[in-house]
Amino acid sequence: MSYEVSCPSCGAGVIFAFDASIVRVCSACRSLLVREGASIENAGRVAELVSTPSLLRLGESGSYQGRSFQIVGRVQVEHSAGLWDEWRIGFSDGRFGWIAESLGRRHLMLDVEVGGLPAFKEFGPGDNLKDRTPMIATEVGTATAKTLDGELPTDLRPGETWNYVDLAGPKGTFATIDFGDGDAARAMYQGRAVTLEQIGLGHLAREAGATKAMAQALQCPECRGALTLRLPDLSQRIACPYCGTLLAVEGTLKAIEAADTKNKLSFEPTFKLGAKAKLDGVTWVVLGAMERSAGGSEYGRYRWREYLLHQPARGFRWLVEDQGHWTFVDNAHAGDLGRGAKRTFGGQTFSHFVSSETSVDSLAGEFPWAVTRGETTRADDYIAPPLILSEESTATEFTVSLGRYVPRDEIAAAFGVAAPSLPRPEGIHAAQPNPFQGRPGALWATFSMLAAALVVIFLGLNIRSQTVYGAKVNLPPNAASGSPEAVFISEPFTLRGFGNVRVEVQAVLDNSWLYLDGTLASTKGAAVGDFDMEAGYFRGVESGSAWSEGSGTAYKFLGRVPAGEYTLRLAPQWGVVGPTGRKPTDYRIEIRRGVPSFSYLVLALCLLFLWPAWITMRNWNFETARWSESDHGGS
């Protein structure tokens, strides 16, 4: 139920739209009226509102979760990173909520119970709120009410400060805890990021489309260099690319860090401010560039460059150039981060790569937050190529970003330049896709199948081979080694078909050897092939340990022997070693047709082995080079 009074200062009519409202700013004279029962107190005038890019307006009506609401109040809040707007909304059922705006994003949050919350001093950036829905503290700080407008259900005065903690929860949820000026929570608001269309205020975006803020041409107050402010409603800092002066954007440009040798731009940006690039089907504009570094003095600072991109409907992105490698980076919702020895996000598991203290060394262009040179950040990078997940934390903030590796050729095409004009990639980037990743497993599986098939074929051919001749040959007891009396000539035997012939000899040997000089000859008189083969077996004891080597079996392959009738001639020689050596007394010979050579099987397996082994080595070398740059190099 509304309540109308006259302003004690100017007499204008003032309406309290909600019975629960306590303070109201007179729209005529900007006096702050405090309501207590039927009486009205004039608490003095409040400052004019600071111009911001907000599209919201007092009195506008929308809906959320099936309930209608009205925008009844506005608070401009100031903290270390700059100014943002918070809009108080009242629902038809008497409940209240907030719409908070920052960097073009909006969060709608409803008042919730505050029981059981930890004290303010127990929170730090990145800490978990475990008692309720799991949430991560993304910002811990102190805010100040700069000025007010409309009506509020709490007695809030300009200049009042309060402690707060912002939290991110799963599936895009967001919350803020208000601790007042103490340690105990006095209010909590919970909701999620929304668009104007989602809360029934899409018409405000459409109306604003025709009156979008235009870029402003300005002049550096230090060097008089020409500057272009492309987002006058959002940018809070602009760094002069000519003299290095860092300027605050507060209606006019105000120097924060004067120009000197230290502050001049220490690098030449690859892309000019205002350059356009088409990435992921969206055309982005380069707003700013910065050089950052990490590492100590022992090995020097490790440096990389970051380019701030903007697109009105998509907001901000970063394009990071690191040693000629590029990643396209977006903010990620910290509440969806799974934390442990590894990180999980979006169904993907990320492994820790490196942790470091980073600093901002050099700046050019404009930025939508109060950036300063020398500001430091704790950074922890986790990778799942081609993705890189980065956690950054300061004394007051914890943010998560997700980057995707983009090849140099794609960056060149996006900006419409030749690839050689961009820095040449050096080494292996943390998120660079491994061209051999996943291939070794598939190749080894293929190798295993082919090797098994070759073994089966070998065994099958061996089974199909035929014994065409076999005999036991007794050595004459009194014959000397190599004498004609010891020569053996086989009975004729027939070879059918075409293929190889294997001659195998088996003898009982003990510290002795048997050498055979053989000839396979056709019964028609033509010698098909001469060969020799030797078997030997030796044993003994040395230093108290028994040893043995050799075998009583030997074989020889004769290739491409045509069909026909053949005889085998063998001229043996033998010998013994040591006093325990025994002369062989006989040996057995066997001739088989079509026996596959085991050496051919080994050769084929070795050739098959080379390709998966080569790819495995390349894959290992790639990953070794990648991880050598991490905190886990050599592990």
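1. Contacts of I428. In this predicted model, I428 sits in the loop that runs between α2 (408-415) and α3, and, once its neighbours within four places in sequence are left aside, I428 is in contact with H325, F622, A625 and R626. Two of these partners, F622 and R626, are listed among the buried residues of α4. I428 itself counts as partly exposed, because its relative accessibility is 23%, a value that falls between the 20% limit for buried and the 50% limit for exposed. A further entry concerns distance: I428 and F493 are separated by 65 residues in sequence and by 68 Å in space, taken from C-alpha to C-alpha.

2. Helix α3. The helix that follows this loop, α3, covers residues 439-464. Its 26 residues reach 37 Å from the first C-alpha to the last, which is close to the 38 Å expected at 1.5 Å a residue. Its buried residues are P440, L443, F447, A451 and F458, and these pack against α4 (598-627). As a general point, an α-helix has 3.6 residues a turn, so residues three or four places apart point the same way. The reader may wish to view the buried positions of α3, including L443, F447 and A451, with that spacing in mind.

3. Helix α4. For the 30 residues of α4, a rise of 1.5 Å a residue predicts a span of 44 Å, and the end C-alpha atoms lie 42 Å apart, which agrees. A kink of about 30 degrees is nevertheless found in α4 at L610, shortly before the proline P612. P612 is also one of the buried residues of this helix, together with L601, I615, N619, F622, E623 and R626. The buried residues of α4 pack against two strands, β27 (348-367) and β28 (376-384), and against α3.

4. The surroundings of R292. Is R292, in strand β22, buried or exposed? R292 counts as buried, because its relative accessibility is 7%, and the strand that holds it, β22, comprises residues 282-294. Its side chain makes a polar contact of 3.1 Å with the side chain of E306, and a polar contact of 2.8 Å joins it to the side chain of T358. Beyond its neighbours within four places in sequence, R292 is in contact with Y302, R303, W304, E306, T358, S359, V360, D361, T377 and E392.

5. The surroundings of N511. N511 is placed in the loop between β34 (499-507) and β35 (512-522), and its relative accessibility of 6% is the reason why it counts as buried. Its side chain and that of T580 are joined by a polar contact of 3.0 Å. Residues up to four places away in sequence not being counted, N511 touches Y537, F538, R539, V576, V577, T580, G581 and R582.

6. Backbone geometry to check. Most residues other than glycine have a negative phi, and most peptide bonds are trans. Against that background, three places deserve a look. The peptide bond from P385 to P386 is cis, with omega near 10 degrees, and P386 belongs to the loop between β28 and β29 (387-393). Q323, which is not a glycine, has a positive phi of about 55 degrees; it occupies the loop between β24 (315-322) and β25 (325-332) and, at 29% relative accessibility, counts as partly exposed. R560, likewise not a glycine, has a positive phi of about 50 degrees; R560 lies within strand β38 (residues 553-561), where its relative accessibility of 66% makes it count as exposed.

7. The chain as a whole. The secondary structure comes to four helices and 40 strands. The radius of gyration is 43 Å, well over the 26 Å that the globule rule gives for 635 residues, so the chain is more spread out than a compact globule. Along its principal axes, the C-alpha trace spans about 145 × 55 × 55 Å. Of the 635 residues, 46% count as buried, and the chain exposes about 31,800 Å², of which carbon and sulfur atoms supply 52%. Among the contacts in the chain with a separation of 6 or more, 59% are between residues 24 or more positions apart.

Conventions: Residues numbered from 1 in each chain as written. Predicted model: local features only at pLDDT ≥ 70, side-chain atom pairs only at ≥ 80, totals over all residues. Heavy atoms only, no water. Expected span 1.5 Å × (residues − 1). Buried < 20%, exposed > 50% of the residue type's maximum accessible area, 1.4 Å probe, protein only. Contact = heavy atoms within 4.5 Å. Bend = angle between axes of the 7 residues up to and from the residue. Polar contact = N/O pair within 3.5 Å; in protein donor to acceptor, adjacent residues only side chain to side chain. Rg over C-alpha atoms; globule rule 2.2 N^0.38 Å. Areas by Shrake-Rupley, 256 points an atom, 1.4 Å probe, with all protein chains shown as cover.
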